[in-house]
Amino acid sequence: DASRLPAMAERMRTDQSSFDHTGGCHAAALFTNEGKFLVLFEDVGRHNAVDKVIGRAVLDGATSLADRILVVSGRAGFELVQKALKAAIPVMVSVGAASSLAVDMASAAGMTLYSFVGPGRGNLHV
């Protein structure tokens with residue numbers, strides 16, 4: 001249900017304490033398909049934040065992430081879409097823009113990509 005996705009990005013933003021202090025950290029968060037918040041990590045690098053989220057899920061015993069939603073604070077570059085696909089995450093939400101390559105990659109793989117998410121706005125790529 002795409003109507004849940006903006007609330008996930010807002011929820012992620014409320015837990016970005018490092019960003020609040022520095023203004024220079026990216027975040028990645030993992031949610032259930034129902035919108036339940038699971039985990040958030042921040043890092044100077046977008047890729048590192050995503051790696052931390054996926055790694056934590058694996059360390060916590062997740063055998064599949066096929067029922068999870070990845071939310072990222074920055075743009076949706078193809079590299080982040082690729083990481084989500086490798087982890088079998090079917091939905092990715094980004095606060096920023098999605099590159100055309102990211103949209104093409106997500107579309108070819110059957111991933112739902114939602115970019116520029118915010119209150120009352122967003123671009124749904126399916």
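How many salt bridges does the structure hold? The count is four. The model is predicted.

## Salt bridges

Side chains of opposite charge can pair when their charged atoms come close. Asp43 and Lys52 make one such bridge, with the closest N and O atoms 2.7 Å apart. Asp43 is buried, at 16% relative accessibility. Its partner Lys52 is partly exposed, with a relative accessible area of 34%.

Lys83 and Asp51 form another salt bridge, 2.6 Å from N to O. Lys83 belongs to helix α4 and Asp51 to helix α3, so this pair ties together parts that are 32 residues apart in sequence. Both ends are partly exposed: Lys83 has a relative accessible area of 23%, and Asp51 stands at 36%. Arg68 and Asp67 also form a salt bridge. Here the closest N and O atoms are 3.3 Å apart. Asp67 is partly exposed, at 35% relative accessibility.

## A buried arginine without a salt bridge

Arg46 sits in helix α3. This residue is buried, yet has no salt bridge. Which side chain of opposite charge is nearest to Arg46? That is Glu79, 4.6 Å away. A salt bridge requires the nitrogen to lie within 4 Å of a carboxyl oxygen, so Glu79 at 4.6 Å does not qualify.

Arg46 does have a polar partner in the backbone. A polar atom of the Arg46 side chain lies 3.0 Å from the backbone oxygen of Arg75. Arg75 is also among the contacts of Arg46, together with His26, Gly77 and Leu80, leaving aside neighbours within four places in sequence.

## Nonpolar cores

The largest nonpolar core has 22 residues. Which of them touch the most other members? They are Leu70, Ile89 and Met92. Five elements each supply at least two residues of this core: β1 (26–32), α3 (46–59), β3 (68–72), α4 (78–86) and α5 (100–109). Helix α3 gives the most, with five residues.

Met92 has a long list of contacts, not counting residues up to four places away in sequence. Among them are Leu70, Val72, Ala76, Leu80 and Val81. Met92 also touches Ala84, Met111, Thr112, Leu113 and Tyr114. A second core is separate and has 14 residues, including Phe31, Ile69, Val71 and Val117.

## The aromatic pair

A search of the whole structure finds one aromatic pair. Phe31 and Phe37 form it, in an edge-to-face arrangement. The ring centres are 5.6 Å apart, and the planes meet at 70°.

Are the two rings' residues buried or exposed? Phe31 is buried, with a relative accessible area of 1%. Phe37 is partly exposed, at 22%. Phe31 is also a member of the second core.

## Positive phi angles

Ala88 has a phi near 65°, a positive value in a residue other than glycine. Where does Ala88 lie? Its place is the loop between α4 and β4 (91–94). Ala88 is partly exposed, with a relative accessible area of 40%.

Phe116 also has a positive phi, of about 50°, although it is not a glycine. Phe116 is placed in strand β5 (residues 112–118). At 38% relative accessibility, Phe116 counts as partly exposed.

Technical notes: Residues numbered from 1 in each chain as written. Predicted model: local features only at pLDDT ≥ 70, side-chain atom pairs only at ≥ 80, totals over all residues. Heavy atoms only, no water. Phe/Tyr/Trp six-rings, centres within 6.5 Å; stacked < 30°, edge-to-face > 60°. Buried < 20%, exposed > 50% of the residue type's maximum accessible area, 1.4 Å probe, protein only. Core = buried A, V, L, I, M, F, W, Y, C linked by side-chain atoms within 4.5 Å. Helix = DSSP H or I, 4+ residues; strand = E, 2+ residues; numbered from the N terminus. Contact = heavy atoms within 4.5 Å. Lys, Arg positive; Asp, Glu negative; His and termini not counted. Polar contact = N/O pair within 3.5 Å; in protein donor to acceptor, adjacent residues only side chain to side chain.
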